[in-house]
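Trainee: Could you take one residue and walk me through its surroundings, then step back to the chain around it? I'd like the close-up and the wider view in one go.

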Amino acid sequence: MQVFKAFLRSARKFLPVNLLYFVIFCSIAVAATKFNIEDETASFQTVSLTVGVIDEDGSGASKALCDYLSTLHTLTPLTHDREALLDGLFYRTLDYALILPDGFEERLSDQEEEHLYETVQIPGVFSSAFVDEQINSYLKALRLCLAGGLSLDDACSMTAETLASASNQVQILESETDRPADSTLTSVFYFYQFLAYIIISMILTGLTPILTIFQEENLARRTSCSSASLLGRNLQIALGSALYCLLVWILFILTSRVLYGPAVFSERGLLCIANSFLLLPVGVSISLIIGCFSPSGNAINMINNIVTLGMSFLCGIFIPQQILGQQVLAFSKYLPLYWYVKNNDLISGFGKEAFTLHAYGKHIGILALYSFAMFSVALAISKYKSAGKKA
Amino acid sequence: MFLHEFKYELIRVLRQKEELFWVLLFPMLLGTMFHLALGNLNRATESFHTIPVAVCLESDQKNEAFQTVLDTLSQDEDTPLLKPTYADWEEAASLLKEDSVRGIFRVGEDVTLHCAPNENDAAATLALEQSILETIVRQYHTNADILTRIAQTSPEKLPELISLTQSDASYGTALSLTPGNMDFVIQYYFNLIAMACLFTSFAGSYVAMHHQANLSALGARKCVSPNSKFLSVGAQLLSCLLSQFFCVAVNVAYLVYVIKADFGTSLPMILLTAFIGCILGVCFGFFIGSIGRVSEAAKSGIMVSVSLLFCFLSGLMIDNMRMLIEDFCPLINDINPAVLISDSFLTLNIYGVSARYGSNLFTLLLIAILFAVSGCLLIRRKTYASL
């Protein structure tokens with residue numbers, strides 16, 4: 001087992017760098033998981049946005065409108081701070097800013113129609129139209145009450161009352177799936193979605209330099225003229241690679257267990273874990289292909305970043321597949337991580353497809369086939385190169 | 001001697017394919033991927049668009065009031081809010097199932113809205129569309145309820161009230177506080193340029209490593225030469241700064257003229273910001289290159305990972321990460337170079353040249369000076385008993 005021991009010695013040499021990668025990647029995965037969860041929505045409920053309000057009028061009518069909006073959205077009081085307002089709108093931490101100018105109540109009582117309020121919104125954006133529609137709807141109801149002869153206070157009360165009694169107008173047509181939304185499980189799904197980027201990166205940056213050492217010309221010649229058989233040598237390298245990948249994988253599974261508790265080992269959590277296991281042969285086969293070309297440490301970093309970031313953007317790890325363009329998806333179907341993400345979407349319900357064991361198995365099969373195909377490519381390149389050297 | 005060192009550093013950079021890849025090619029590749037992956041993002045999720053909806057009229061009932069609402073909302077010449085498809089219940093249900101419509105208005109004496117379940121957060125647009133449909137029905141019910149109540153006390157006012165319900169007046173005025181580009185996708189490109197600036201650290205690291213006798217043969221030769229180390233380091237850092245800035249400028253040009261990313265400001269201001277970013281990147285690399293006896297590949301790995309971590313926290317991979325960090329620990333944003341660079345672009349885009357922009361550039365320069373001085377302190381006056 002000399003080759004295996006040499007493999008372990010080389011791996012030990014890269015241990016500090018790999019541990020650094022692990023810490024960095026873990027921070028990225030945890031941050032991405034923690035912050036992505038904010039957007040979670042379960043079954044139908046009216047979308048709640050963040051609306052900033054500058055109430056310059058401070059009257060009963062303006063307060064009544066704010067009270068009504070606060071039943072629908074999260075209201076944030078704003079000052080006339082242009083930077084805070086525009087930063088919030090740009091980064092979408094604020095969806096809409098409402099300014100109720102001085103004299104709002106007066107103009108409302110006078111039955112004026114225009115310039116009752118001012119808004120700062122992201123131009124051409126759907127959410128702005130939504131809040132506009134709600135405010136206009138409120139003001140229209142209020143004006144009806146006022147035109148009906150009610151006092152302003154009574155009109156405000158009646159409007160709030162009738163709008164509240166008219167809520168929950170949506171009837172869900174189909175019964176919802178039997179998979180209840182669980183925020184911890186959702187975190188698990190996000191973690192495993194992001195894990196594809198992390199694990200492939202860890203394998204490429206950690207394993208490829210070790211494999212490259214064995215491809216080094218003089219070392220390869222020395223081993224090939226030794227008494228060890230080629231098969232034995234390759235099997236020992238394969239064993240070392242498998243051990244390395246399994247350790248990385250187990251480390252991340254344990255990390256997810258520590259972060260999210262027993263939910264990781266629930267039925268759907270286990271499906272995610274099984275799906276993530278297929279990342280190992282994918283990562284190793286890519287690593288083998290790269291290793292065949294004996295790249296330098298810097299070149300490995302380059303290839304790693306192109307491959308992992310490229311696949312992550314195109315296959316739906318950073319941006320959900322549902323939002324990616326059709327042409328992008330048509331291309332990414334030829335990349336293995338597309339099928340990994342598709343399976344994760346299937347388990348989590350992020351996609352539109354309903355979960356079936358058949359579809360899950362099919363995607364797992366495609367991932368396995370990709371690994372097999374890439375292993376074959378790596379072997380073919382290796383064979384071609386060794387044949388070239390003999391000639 | 002200064003010019004000699006300057007010239008040969010320029011030649012070296014041109015021959016160093018790996019550095020050129022990181023600063024010149026990698027951002028271009030990533031920019032192209034952003035364009036492909038994100039090109040549809042804003043249009044698919046945010047932009048105002050018409051909502052397809054099925055209308056199922058119950059045969060024996062007529063509801064002119066709701067029909068008027070539907071007609072008003074579907075008659076805008078540019079982008080109407082609704083696109084109704086009239087169908088019977090079975091057909092409407094199948095349209096909803098195949099996702100051709102976002103909801104069904106079942107119109108009889110009463111009006112009900114039927115939607116498909118919306119269970120995942122990737123379908124935020126669908127949730128918004130359904131919410132708008134809900135608002136329309138809610139408004140209809142509210143108005144009907146108010147009319148009924150007032151009709152009981154003041155029936156003579158009913159005609160006036162009915163005409164009010166049919167008015168499509170908008171009571172608000174939209175203010176525009178900036179001519180800048182508010183499309184959040186542009187922040188990915190801001191961060192991409194920030195990443196390219198941070199990747200200039202490879203060149204800075206090379207300069208530091210090749211001035212240390214225990215790290216490279218070239219460093220050993222330089223150590224025994226009578227040439228001033230300060231002069232040599234200064235000339236090489238300046239040279240690699242200019243060459244790296246040229247590469248970043250090519251990237252900026254690619255994004256602005258080929259990808260057509262709208263930075264919302266003039267090219268000279270973008271380039272000035274990128275130049276300050278490059279100063280920081282080169283000094284950061286110079287500092288990392290000066291630390292300890294770590295191999296070149298390992299240092300390069302550390303620089304890529306740390307740069308990507310900075311960019312991740314700034315929003316390169318998840319768009320609103322920067323604001324989330326701002327709530328969680330704003331100090332990180334105050335000293336994260338990627339945030340400072342991308343925020344400078346954002347400031348130029350939305351506010352133009354302002355105090356905040358100046359403050360960002362000042363902080364960047366301060367951090368760069370800190371890195372450069374620390375790097376100099378680490379590599380100066382080193383003697384070796386044996387190599």
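**A close look at A:Leu65**

Mentor: Sure, let's start with the overall wiring: if you take contacts in chain A between residues at least 6 apart in sequence, 76% of them join residues at least 24 apart. Keep in mind that this is a predicted model.

Now zoom in on A:Leu65, which sits in helix H3 of chain A, a helix covering residues 60-72. A:Leu65 counts as buried because 28 other C-beta atoms lie within 10 Å, and the cut-off for that label is 20 or more. If you ignore the neighbours within four places in sequence, A:Leu65 is in contact with A:Leu100 and A:Tyr138.

For a sense of distance, try A:Glu216: 151 residues along the chain from A:Leu65, with 74 Å between the two C-alpha atoms.

Stepping back, the domain assignment splits chain A into domain 1 (2-40 + 182-390) and domain 2 (50-165). Their C-alpha centres are 51 Å apart. Chain B is divided too, into domain 1 (2-39 + 185-379) and domain 2 (47-165), and there the C-alpha centres lie 54 Å apart.

As for chain A as a whole, its secondary structure comes to 16 helices and five strands. Chain A is more spread out than a compact globule, because its radius of gyration is 29 Å, well over the 21 Å that the globule rule gives for 391 residues. Along the principal axes, the C-alpha trace of chain A spans about 105 × 45 × 40 Å. And back to burial: 46% of the 391 residues in chain A count as buried, and A:Leu65 is one of the buried residues.

Conventions:
Residues numbered from 1 in each chain as written. Chains lettered and ligands numbered in written order. Predicted model: local features only at pLDDT ≥ 70, side-chain atom pairs only at ≥ 80, totals over all residues. Helix = DSSP H or I, 4+ residues; strand = E, 2+ residues; numbered from the N terminus. Buried ≥ 20, exposed ≤ 12 C-beta atoms within 10 Å, placed from the backbone. Contact = placed C-beta atoms within 7 Å. Domains from an automatic or database assignment. Rg over C-alpha atoms; globule rule 2.2 N^0.38 Å.
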